[in-house]
Amino acid sequence: MKIRCLLPSLALALAFTLGLSPLRAADGGKDPETELGKIMEKMGGTFRRLGRQIKDPSKNADSLQAVATLRDAAKSSLKHEPMLKAKQPASEQAAYVERFKKKMNDMIALLDQLETALKANDNEKAAAICAKVNDTQKEGHKEFKPAGKKKG
Ligand code: HEM
């Protein structure tokens, strides 16, 4: 291949490497990483692990640890505010943060129930509560998470 043909491909490859891809520009660029985002990332991995094993009673000791990790993370997320707060009208920002905290506290209450079910080795019930945690995650993300961020 002639060097003249190769140059545009090289330039494109370099642009992608440097994060200058047209796809990225089209969705407004990458959101800055936030403390809340880092906590959520950790929750993502733990919740996936829990989901894979929630029905398996032989994994209940590890599932209880996963629930404790999720609850600690959810509690520390209450010390932060969603980045989308800044996009709300000033007069609605306080209420927005309150709704975020309420939703997070709903999830913490579900995690308490999940712990009780696992301690009782009631895996059917634990799986049903886990599904509710997932619903709460979806509701929370719909209202509070920027659309471009990773899925939970
Ligand atoms: C098991 C439950 C949950 C999991 C596994 C989870 C997971 C995640 C993940 C993986 C991200 C992307 C992080 C990033 O790319 O920076 C995220 C972001 C986010 N999540 Fe969750 N999430 C859960 C529950 C919730 C709930 C209940 C709420 C709201 C009450 C919530 C609010 C948010 C917000 C606001 C962000 C964006 C971060 C920011 O604004 O700085 N999440 N979550």
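Q: Is Ala74 buried or exposed in this model, and why?
A: Burial can be read by counting the C-beta atoms around a residue: with 20 or more others within 10 Å it is buried. In this predicted model, Ala74 has 20 other C-beta atoms within 10 Å, so Ala74 is buried.

Q: Where does Ala74 lie, and which residues is it in contact with, leaving aside neighbours within four places in sequence?
A: Start with the element, then look for partners further along the chain. Ala74 lies in helix H4. Leaving aside neighbours within four places in sequence, Ala74 is in contact with Met104, Met107, Ile108 and Leu111. The C-alpha atom of Ala74 is also separated by 8.3 Å from that of Met40, 34 residues apart along the chain.

Q: At what angle do the axes of H4 and H5 cross?
A: For a pair of helices, look at the angle between their N-to-C directions, where over 145 degrees counts as roughly antiparallel. Here the axes of H4 (residues 60-77) and H5 come within 10 Å and cross at roughly 165 degrees. That is why H4 is roughly antiparallel to H5. The crossing of H4 and H5 is left-handed.

Q: Which residues meet where H4 and H5 are in contact?
A: It helps to list each side in turn. From H4 come Asn60, Ser63, Leu64, Val67, Leu70, Arg71, Ala74, Lys75 and Ser77, and they meet Met104, Met107, Ile108, Leu111, Leu114, Glu115 and Leu118 in H5. By character, the residues of this contact of H4 with H5 divide into ten nonpolar, three polar and three charged.

Q: Now for a residue in another helix: how many other C-beta atoms lie within 10 Å of Leu36?
A: The count works just as it did for Ala74, with partly exposed as the class between buried and exposed. Leu36, in helix H3, has 19 other C-beta atoms within 10 Å and is therefore partly exposed. Not counting residues up to four places away in sequence, Leu36 touches Ser77, His80 and Pro82. Leu36 and Leu78 are 42 residues apart in sequence, yet 8.9 Å apart in space, C-alpha to C-alpha.

Q: Which residues come nearest to the ligand?
A: Begin with the residues, then ask which elements supply them. Of the 27 residues around the ligand, Gly37, Met40, Gly44, Gly140 and Gly152 come nearest. Helices H3 (35-53), H5 (93-119) and H6 (123-144) are the elements that give two or more residues to this shell.

Q: Which element gives the most to the shell around the ligand, and how do the residues of the shell divide?
A: H3 gives the most, with seven residues. The residues of the shell around the ligand divide into 13 nonpolar, eight polar and six charged.

How values were computed
Residues are numbered from 1 along each chain as its sequence is written. This is a predicted model: local features need pLDDT of at least 70, side-chain atom pairs count only at pLDDT 80 or more; totals for chains, interfaces and linings use all residues. A residue is near a molecule or strand if its C-beta atom, placed from the backbone, lies within 6 Å of it. Helices (H or I, at least four residues) and strands (E, at least two) are DSSP runs, numbered from the N terminus. Ala, Val, Leu, Ile, Met, Phe, Trp, Tyr, Cys and Pro count as nonpolar, Asp, Glu, Lys and Arg as charged, and the others, Gly among them, as polar. Axes are lines fitted to C-alpha atoms, for helices over the stretch in contact, and angles run from 0 to 180 degrees between N-to-C directions. Angles under 35 degrees count as roughly parallel, over 145 as roughly antiparallel, 65 to 115 as roughly perpendicular and the rest as oblique. A crossing is left-handed if the near helix is turned anticlockwise from the far one by less than a right angle, and right-handed if clockwise. Two residues are in contact if their C-beta atoms, placed from the backbone, lie within 7 Å. A residue is buried if 20 or more other C-beta atoms lie within 10 Å of its own, exposed if 12 or fewer, and partly exposed in between; C-beta atoms are placed from the backbone.
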